[in-house]
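Work through the exercises below with the sequence and the coordinates at hand, and try each task before reading its solution.

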Amino acid sequence: MGEPACFKSDHKLITQILFTFTIIFIITFKEKNIMKKSYLMIAAAAVLFAACSSNDLINDGPDNAQEKDSAIGFAAYSSKTTRADEDNSTYLHHFYGTFDVYGWKTVNSSPSPVFNHVPVGYFGTNNTGANQTPPTVVYESSGKPGDEWGTPFTAGWYYENVRYWDKVATAYQFFAIAPYEAVPSPALTVAAGADNIKIGDSGAKYDISTEKNLALDAGNPTQYKKYFGFTKDYMLAEKSTTKEALVAFNFHHILTKFNVKITKQDTYTGSQDLKVNAIKIAKLKKEGYFVYTSNMTTKGWTTDGTYDVQVTGNHSLTQTPTNYNEYYWIQTLIFPQDITCATIGGVQSNDTGLNQYLYVKYSIGSEVFEAYYDLARVFNNTLAVGETYSFAQGSEYTLNIKIGPEPIKFDAQVTAWDVVADVNYSVN
C-alpha cells in the first residue's frame, strides 16, 4: 500500500525544517515590517507539509498499513479439505488468483457500500494481472499494483481504485467468495447485515454435473491426487467485521471432494490381463443452491435431481510397462449430501431397488465381470435399510476399490470302488 505523492521517505524531516525556518523567518523579519502576506504564505506552506505528514502510512505493503486514513487491504487463506494429504494447500492463490469482495461501512447507523462485486487479485510480482500465476483480472492488461499502491512492492492481494478506512464509521462488514466471476452464474445475493453470501436460489441452481473429473489425463486415469483446476470449487470466507486493520479472510471449501482409486487385489496372480472397463457412481445430487446456516461445515446446500459420474475404458492393472494399478479414476466435486441404504444384500446383478450405487465392470481375458453395490453400504457396511451415510461439506472422501475375483480352484479325489462281499462258488 503506497503513499500519496506528497509522502516521501524524508518528508517528515523536511516538514520540521520548513516549520522551524518559517518561525525564525517570522520572528526575524516581523520587526522589519515585511508584508504579512509573505510570511503568512510561508507559514501556510509549512502547515500544508505538516498536514501531509499527519496522514503518513507507517508501512508500504497492504499487509501492514494500519495508520489513520490508510487503505483497506486484504489477505486470504484457505482451510484444508478434511481427510486429505499431498498438495492440499492453505494458500488461496494456489486455487484461484482472484476472489470477489462485498463490503459496507456504517455511518450514523446507516450502512453504505464500499465494495460491491470487486475483484481482488494475487500479485507475486509488480506486473500486470495477465502476467501473474494464476492470471488475475485486476490490472489485467494495463497498469500494475505499484502504480496505485506505491513502492516498495510486496507480494499479496490487490484491487483497483483503493478504498480507505473512514474514521467516522462505527462498523465495517466484509464478505468474500471464490472464484470471481464477472457475471456470477447462478447469481449471488449479499446484503448488509446478512450472515453470508447466498449462491443461487430455488429458481436458479448450480448444475454440478458439469464439474471436471481431474483424475483423467487425456482420457486415462492418473496416479496423482489433484486439488487445483476444478471448474468451480466454491470457497466462501467467514464474514469479517474488521475495522482499521488488515482484513484477513479465511476461505472454506463448501462442496465435497470425491475420489475413486482402483487397486488390484493382492491375491490376484493370474497370467491373464486384468482390465477395468467401467466405473460408475450413480444417482448423486445434480443441482443445488446455497444458504449459509450456522457454520461452514454444516450443509448449506439444498439439492435435487440426479446424475451419474462414469468413466469407461480398458485399462490394465497387470500389464507392463504401463499399468493403472493404484491409479485414480475419479477426482471430482459433488454436493454435500446424505445417501440412503436400500439393501443389505451386498452385490447385485442390476440396479433394481438401489438408491445411490457403485457399478464396476472389469474383464479377465475374454470373461467380463460386472456388479452393482449399494453405495451407502460400501462406505458403512453396518447400515440398516433406511439409514444414511453423509458426505460432509468441506470434506474429501476416497473410495479405494480392490478388483480381482477369487479364483476358481479345483481339488480331486477318487471315490473308491464299492467292494461287495466275496461270493464263494465251487465248480465241480
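The exercises that follow concern a predicted model, and they treat charged pairs, surface and burial, and empty space in turn.

**Exercise 1. Find which residue pairs with Lys 167 in a salt bridge, and state where the two partners lie along the chain.**

Solution. Begin with the whole structure, in which a search finds eight salt bridges. For Lys 167, the partner is Glu 244, with N and O 2.2 Å apart, which lies inside the 4 Å cut-off for such a pair. Next, place both residues: Lys 167 is in the loop between strand S4 (156-158) and strand S5 (171-178), while Glu 244 is in the loop between strand S11 (235-237) and strand S12 (247-253), so that the pair links parts of the chain 77 residues apart. Then consider accessibility: Lys 167 counts as partly exposed because its relative accessibility is 38%, and Glu 244 counts as partly exposed at 23%. Finally, extend the search around the pair, where Lys 167, Lys 243 and Glu 244 are linked in a network of salt bridges.

**Exercise 2. Decide whether Lys 232 and Glu 181 are buried or exposed, and set beside them the pair formed by Lys 205 and Asp 304.**

Solution. The side chains of Lys 232 and Glu 181 meet in a salt bridge with an N to O distance of 3.2 Å. Lys 232 belongs to the loop between strand S10 (220-221) and S11, and Glu 181 to the loop between S5 and strand S6 (188-189), 51 residues apart. Both of these residues are buried, that is, under 20% relative accessible area. Turning to the other pair, the closest N and O atoms of Lys 205 and Asp 304 are 2.4 Å apart. This salt bridge joins the loop between strand S7 (198-199) and strand S8 (206-207) to strand S15 (residues 301-316), across 99 residues. Here Lys 205 is partly exposed, with a relative accessible area of 27%, and Asp 304 is likewise partly exposed, at 31%.

**Exercise 3. Classify Val 427 and Tyr 292 by their relative accessible areas.**

Solution. Val 427, in the segment after strand S21 (396-403), has a relative accessible area of 68% and is therefore exposed. Together with Val 423 and Tyr 425, Val 427 forms a nonpolar surface patch with about 430 Å² of accessible area. Tyr 292, by contrast, is buried, because its relative accessible area is 15%; its place is the loop between strand S14 (274-290) and S15. The C-alpha atom of Tyr 292 is separated by 7.3 Å from that of Ile 197, although the two residues are 95 apart along the chain.

**Exercise 4. Work out how much space lies in the largest pocket, and which elements line it.**

Solution. The largest pocket holds about 330 Å³ of space. Among its 19 lining residues, those closest to the centre are Leu 358, Val 360, Tyr 373, Ile 401 and Lys 402. Two or more lining residues come from each of strand S18 (357-364), strand S19 (367-374), helix H5 (375-379) and S21, and S19 gives the most, with five. Sorted by class, the lining has 12 nonpolar, three polar and four charged residues.

**Exercise 5. Describe the largest cavity by volume and by the classes of its lining residues.**

Solution. The search finds one cavity of 30 Å³ or more, and the volume of the largest cavity is about 60 Å³. Its lining includes Phe 95, Tyr 227, Asp 233 and Lys 257, and divides into five nonpolar, three polar and two charged residues.

Terms used. Residues are numbered from 1 along each chain as its sequence is written. This is a predicted model: local features need pLDDT of at least 70, side-chain atom pairs count only at pLDDT 80 or more; totals for chains, interfaces and linings use all residues. Side-chain values use heavy atoms; hydrogens and water are left out. Helices (H or I, at least four residues) and strands (E, at least two) are DSSP runs, numbered from the N terminus. Buried means under 20% relative accessible area, exposed over 50%, partly exposed in between (1.4 Å probe, protein chains only). Patches are made of residues with over 30% relative accessible area and no salt bridge: like charges are joined within 9 Å, nonpolar side chains (Val, Leu, Ile, Met, Phe, Trp, Tyr) within 5 Å. Accessible areas come from the Shrake-Rupley method with a 1.4 Å probe; for residues, only the protein chains shown count as cover. On a 1 Å grid over the protein atoms alone, a cavity is a set of points where a 1.4 Å probe fits but cannot get out, and a pocket is an open set with protein on both sides within 12 Å along at least five of seven lines; lining residues have an atom within 4 Å of a point. Grid points are joined across faces, edges and corners, and a volume is the space filled by probe spheres set on the points. Ala, Val, Leu, Ile, Met, Phe, Trp, Tyr, Cys and Pro count as nonpolar, Asp, Glu, Lys and Arg as charged, and the others, Gly among them, as polar.
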